[in-house]
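Me: Could you walk me through some of the labels used for this structure? I would like to see how each one is reached.

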Amino acid sequence: FPSSQISARNRAKIINDSIYGHIEMDEYVVNVIDTDHFQRLRDCKQLGMSDRVFPGATHTRFEHSVGVAHLAGKQVTHLYHKQHGEIFESEQDYKRKKKIVELAGLVHDLGHGPLGHVFDLAFLRNALSESVQSSIPEVHHERRSVMLLRHLIDKNGLDFSRDEEVAIGELVIGRGSVFKEEPFMYQIVANEKNSLDVDKFDYIQRDTRNLNVRWGFDPDRLINASRVLGGELCYHRREVYTVYDMFTTRFKLHKVIYNHRTVKAVELMAVDALLAADSVLKISESITEPERFLELSDSILYVIERSKDPKLAKAKQILRRISCRDLYKFVDEVLIPPGVKQIRESEIASCQEDGLPPIDASDLSVYLIKANHGMGTRNPVENVDFYKTIEDVEPFRIQLSDI
């Protein structure tokens, strides 16, 4: 039927998700899903080049983002049913907050480039000078998500107010002023306080399912045991072990999967290919231009591979090496002592012994990995608020020594 014959109420959809089964997406969510901006995420694999080592890692940021939107809405709905008179002024206030949180969950990854996080951490870091990086917020994917959100709304004429747009953007970043009296709103999608949020709830489940590893935790227990006290999102004290399970699973994924030595070799080669092609394709320049960035996804590798442009010969050669499994060789892994921020290729090259074939700094790639439980050297669980009974009016913290 012509779109004019489809009523607004039929814009809501049921999606059969591989993790949550049949989930209902409201009209305002579907309107965002059915845009070029969001559909682009179908061509952005959640785990970048990891499928070259773990064949099941082919799931995309599209399905992850739908899952985060679902969990975000589920979290707000749970709080409404448990505390509607305490933290929501009315049913209308609940629906407004649910809409903003769901949409923040939906669009939080719009700004991801090809290859996953290494696009920001390795490609842009090498393609742009330090001065440029410090002057352009869009070197961070969260900022690009906010940029694309505005472009998405304007280009598609979606019925979102400017206040809603700002609020959604703040929840994507994880901080702001719109909900300064309700900080729990910033702790659902991108929790800067303790890193416990529905983004991780989804990707940990989705990654372990697709990788077929038997690790995990039960996010439903956390959502169902959550409440707001003193404006902060907190959990029943009995769920402290579930919280530890989540952070432990995240740590194992980073150590064993995301930063697997062969995965890193493939990713660094793909980054080198993008760097070799950047002068021709102007990839790094696209991060501040929404229309150009919309054309940038994992398919950029196929564009390079199939190009006849002789200026892309070096980039094509690197990608050919990936396909033929002629990968960069892993040399060593070391723990960097406290106080040392980085070890550079030039420093390693300068430590050669006499009589050995010379190695140039350009022959080496050093990749700094920060594997922790989400908050550097701190224990994130000690930043999580808990309650003991529904009569509690103030949350409390649980130290590792108390468990």
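Me: Which residues does Asp-202 touch, leaving aside those up to four places away in sequence?

Reply: In this predicted model, Asp-202 touches Tyr-20, His-64, Gly-67, Val-68 and Leu-71. Asp-202 itself belongs to helix H9, residues 198-211.

Me: What makes the link between Asp-202 and Tyr-20 a polar contact?

Reply: The side chains of Asp-202 and Tyr-20 are joined at 2.7 Å, and the cut-off for N or O atoms is 3.5 Å, so the pair falls within it.

Me: Why is Asp-202 called buried?

Reply: Buried means under 20% relative accessible area. Asp-202 has 0%, so the label follows.

Me: How do you know that Asp-202 and Arg-206 form a salt bridge?

Reply: Their closest N and O atoms are 2.9 Å apart, and the limit is 4 Å, so the pair qualifies. The two residues sit four apart in helix H9, which means about one helical turn separates them. Arg-206 has a relative accessible area of 1%, so it is buried as well.

Me: Where else is there a salt bridge between residues four apart in a helix?

Reply: Look at helix H4 (residues 91-107), where Lys-98 and Glu-102 are separated by about one helical turn. Their closest N and O atoms are 3.1 Å apart, and both residues are buried. The structure holds 29 salt bridges, these pairs among them.

Me: What about Arg-221 and Glu-239: which of them is buried and which is partly exposed?

Reply: Glu-239 has a relative accessible area of 2%, so it is buried. Arg-221 has 41%, and because that lies between 20% and 50%, Arg-221 is partly exposed. The two form a salt bridge, with the closest N and O atoms 2.7 Å apart.

Me: Why is Ile-403 called partly exposed, and which patch does it belong to?

Reply: Ile-403 has a relative accessible area of 41%, between the cut-offs of 20% and 50%, so it is partly exposed. Together with Tyr-241 and Leu-400, Ile-403 forms a nonpolar surface patch of about 310 Å² accessible area. Ile-403 lies in the segment after strand E5 (385-387).

Me: Where does pLDDT stay under 50, and how should I treat that part?

Reply: That is residues 4-9, for which the model has two contacts beyond four places in sequence. Where pLDDT is low, the predicted coordinates should not be read in detail. For the protein chain, the mean pLDDT is 93, and 97% of the residues reach 70 or more.

Technical notes: Residues are numbered from 1 along each chain as its sequence is written. This is a predicted model: local features need pLDDT of at least 70, side-chain atom pairs count only at pLDDT 80 or more; totals for chains, interfaces and linings use all residues. Side-chain values use heavy atoms; hydrogens and water are left out. Patches are made of residues with over 30% relative accessible area and no salt bridge: like charges are joined within 9 Å, nonpolar side chains (Val, Leu, Ile, Met, Phe, Trp, Tyr) within 5 Å. Accessible areas come from the Shrake-Rupley method with a 1.4 Å probe; for residues, only the protein chains shown count as cover. A salt bridge is a side-chain nitrogen of Lys or Arg within 4 Å of a carboxyl oxygen of Asp or Glu. Buried means under 20% relative accessible area, exposed over 50%, partly exposed in between (1.4 Å probe, protein chains only). pLDDT is the predictor's confidence in each residue, from 0 to 100. Contact means heavy atoms within 4.5 Å. A polar contact is a pair of N or O atoms within 3.5 Å; within protein, one must be able to donate a hydrogen and the other to accept it, and residues adjacent in sequence count only if both atoms are side-chain atoms.
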